[in-house]
Amino acid sequence: MFTSRKTKIAAIFTAGALALAGCSSDDGGNGASGNGGSNGDSYKIGINQLVQHPALDSATAGFKEAFEEAGVDVEFDEQNANGEQSTALTIAQQFASADLDLVLSVATPAAQATAQNIQDTPVLFTAVTDPVSADLIDSMEKPGANVTGTSDVAPVDQQFDLLKELVPDAKKVGIVYASGEVNSQVQVDDAKEAAESRDLEIVTQTVTNVTEIPQAVQALGDVDAFYVPTDNLVVSGIASLVQAAEGSKTPVIAAEAGTVEGGAVATLGIDYTELGRQTGEMALRILRDGEDPATMAVETAKEFTYMVNEDAAERQGVTIPEAILSEAETV
């Protein structure tokens with residue numbers, strides 16, 4: 001039995017009668033029938049993913065690959081909240097009454113919903129930037145209850161060095177982010193700190209849904225570059241931001257590789273497949289070796305890589321230095 005968590009999860013997760021409209025399910029997983037892990041041979045794992053976009057999809061895929069590579073049979077109950085926090089809550093409530101051995105939550109709002117509702121089953125999170133600020137854990141070193149996982153905290157200082165290298169004359173950087181994501185605010189604060197020492201001004205606009213992104217970009221006014229944090233809402237609607245950037249020949253610098261695939265110029269960022277696999281390896285230690293999530297330190301990405309999109313660079317009027325091209329994975 002795990003100790004009760006004494007955290008204050010955001011009020012958006014108030015319990016109530018919520019329909020599960022919009023959820024998708026993938027019961028196939030690895031195709032094995034779980035037995036609750038009673039003999040250690042197979043397990044049942046629920047996956048609560050906030051929304052579909054390349055970074056989160058890759059994290060989920062990497063998590064599942066860890067079990068496949070270890071030769072462990074798992075029945076996955078994979079649910080997607082389609083970006084709706086209320087649906088993420090309903091998924092978590094369903095998982096709380098299911099016979100599961102472990103639950104994976106992908107992205108901060110899904111993790112908050114899951115942690116609020118499940119106290120007696122191990123919960124792992126991934127693609128969460130600051131789990132302490134999100135009230136998921138007590139500390140990075142000693143989470144304190146049944147919840148731990150991996151953080152996708154980005155190397156913001158190095159990313160702003162990259163921005164300055166790509167746009168040497170940049171003075172003003174625009175950021176669009178979701179007002180409802182606590183970890184997006186954390187990243188914006190980090191960006192402002194990084195910008196100050198590089199003689200850059202940060203201007204911001206918040207959005208509450210994807211349809212507001214074009215107006216938010218317009219409201220930023222004239223900027224020399226856009227920086228896109230690992231904000232689930234904005235990343236899921238990156239096409240509209242990229243379209244505006246290409247129209248004004250304004251470079252887009254990203255916090256992760258999926259956004260580069262979506263049309264940003266470059267990033268020094270996380271490989272989310274590897275981060276998910278890292279989370280899967282933590283799950284295996286819990287399920288097979290009996291490790292306690294309460295004492296398992298939160299892990300971060302072990303390495304970062306350059307990724308560039310040469311076509312996007314051309315459309316946004318950027319010349320990528322040869323030094324970066326020689327080191328980068330190119331989209």
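Here's a quick walk through a few pieces of this predicted model: a strand pair, and two places where helices pack.

Some ground rules before we start. Residues are counted from 1 along each chain as its sequence is written, and side-chain values use heavy atoms, with hydrogens and water left out. Since we have a predicted model, local features need pLDDT of at least 70 and side-chain atom pairs count only at pLDDT 80 or more, while totals for chains, interfaces and linings use all residues.

Okay, strands. When I say helix or strand, I mean a DSSP run, numbered from the N terminus: H or I with at least four residues for helices, E with at least two for strands. Strand E2, residues 42-49, pairs with strand E3, residues 73-80, in the parallel sense over 8 bridges. Pairing here requires that DSSP finds at least two bridges between the strands. If you want one bridge to look at, Lys44 has Glu75 in E3 as its partner. To get from E2 to E3, the chain goes through helix H1, residues 54-70, and this β-α-β crossover is right-handed. In other words, with the strands pointing away from you, the path from the first strand over the helix to the second runs clockwise.

Now, helices on helices. Two packed helices are described by the angle between their axes and the distance between the axes. The axes are lines fitted to C-alpha atoms, for helices over the stretch in contact, with angles from 0 to 180 degrees between N-to-C directions.

Take H2, residues 85-96, and H3, residues 108-117: they pack at about 35 degrees, with axes 8 Å apart. Which residues make the contact between H2 and H3? On the H2 side they include Leu89 and Gln93, and on the H3 side Ala113 and Asn117; contact means heavy atoms within 4.5 Å.

Let's stay with Gln93 for a second. Gln93 and Asn117 are 24 residues apart in sequence, yet 6.0 Å apart in space, C-alpha to C-alpha. And is Gln93 buried or exposed? Neither: Gln93 counts as partly exposed because its relative accessibility is 25%. The cut-offs are under 20% relative accessible area for buried and over 50% for exposed, with partly exposed in between, using a 1.4 Å probe and protein chains only.

Last stop, H6 (residues 213-220) and H8 (residues 238-248), whose axes come within 9 Å and cross at roughly 35 degrees. Ile213, Pro214 and Val217 of H6 meet Ser240, Leu241 and Ala244 of H8. In H8, the buried residues include Ile238 and Val242. Right after H8 comes Lys249, with a positive phi near 55 degrees.
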